[in-house]
Amino acid sequence: MEATTEYTDCLIIGSGPAGYTAAIYAARADMKPILYTGMQPGGQLTITTEVDNFPGYPNGTHGPKMMEDLEAQAKRFGTDVRFGMATKVDFSGSVHKVWIDETKLIEAQTVVIATGASAKWLGLESEQRLNGFGVSACAVCDGFFFRGQDVAIVGGGDTAAEEASYLAKLCNKVYMIVRRDELRASKAMQHRVLNTPNIEMLWSTETLEIEGGQAVTGARFKNLKTGEEFSKTITGFFVAIGHTPNSGIFKGWLDMDENGYIQTIPGTSKTNVKGVFACGDVQDHVYRQAVTAAGSGCMAALDAERYLATVHVPA
Ligand code: NDP
């Protein structure tokens, strides 16, 4: 099927805090942005509950509500918000080409990439099968369901340590599954998990299988030093082993680091391709906060606006 073609001055891909903030600024600058939401409108914040660290909410807010508000604000200034997934790009010309769901071609003078990052999984069949039935990548979203129960969390970074501490307050027992004999997490977080009585560290341990038919009932592990295999009875299995940037379709066009995070010129949102800007978690593996994503979305819109002023814009 031939793709229909449409032109815009500003195409924004992604609908987390970065994408919507870019949209608010671009729309107010009269760039008439089109924003494609991707498959998870609102992004990662839609799978969290309370957000207590976004400035301006003295009593906190909820992730999904915050994303609804951001969307409404972007629309209020005229952003054309559409459901759809960017599936292919061609950044070889001065006007950039982005295909949406393979059926539509958007030609854009500027492109703001705000596609975010997704949680990594271990890759076990049982993990996929029991996802949503005791397996989760978000302790803050789902920990509530495991109050008073025994759970496991995989990972040794700051996220795993933070989530283990969070779960320890709700659950009876938390097994922290670490593949090496040390944590990657910061000293402060290490101190916290190592001194929480109901967190039990399982060092040098690999998960072999998550057990359960309809829901998680346990997991089988292997000690990588001794080779010993053992099981634990648990009802929740949390995975906190990092994130992967959603940058696959830009490979070959944009400079990226070894983990696929898009590289921007420090202090800007500019990529190596003129007129293409990146903001939010797809270019930030360090801070990964709603407020930093929103700030970088603002930068991207301002960079795009300045770039647009320097090029000929077709009528
Ligand atoms: P990290 O990449 O820092 O840590 C991932 C952890 O998962 C590591 O311990 C890693 O082990 C382990 N891991 C990776 N793959 C597997 C696997 N297949 N099986 C078992 N274990 C695995 O990710 P985080 O999400 O924890 O943190 C990302 C960034 O965000 C970091 O810079 C972190 O400091 C920051 N952050 C900061 C917070 C804060 O300051 N409050 C809170 C949360 C995150 P190994 O160590 O062996 O590689």
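Modeller: Let's start with a term: a residue is buried under 20% relative accessible area, exposed over 50%, and partly exposed in between, using a 1.4 Å probe and protein chains only. This is a predicted model, where local features need pLDDT of at least 70, side-chain atom pairs count only at pLDDT 80 or more, and totals for chains, interfaces and linings use all residues. Residues are numbered from 1 along each chain as its sequence is written, and side-chain values use heavy atoms, leaving out hydrogens and water.

Biologist: Thanks! Why is arginine 220 called partly exposed?

Modeller: Its relative accessible area is 29%, and partly exposed covers what falls between under 20% and over 50%. Arginine 220 is therefore partly exposed.

Biologist: What makes arginine 220 and glutamate 229 a salt bridge?

Modeller: The term asks for a side-chain nitrogen of Lys or Arg within 4 Å of a carboxyl oxygen of Asp or Glu. Here the N to O value is 3.2 Å, so the pair qualifies. Glutamate 229, at 47% relative accessibility, counts as partly exposed too. Elsewhere, Glu6, Asp80, Arg82 and Lys104 are joined into one network by salt bridges that share partners.

Biologist: How many salt bridges does the structure hold?

Modeller: There are 12. Among them, glutamate 182 pairs with arginine 180 at 3.1 Å, N to O.

Biologist: And how do you know what radius of gyration agrees with a compact globule?

Modeller: The radius is taken over C-alpha atoms, and the rule is 2.2 Å times the number of residues to the power 0.38. For 315 residues that gives near 20 Å; the protein has 22 Å, so the two agree.
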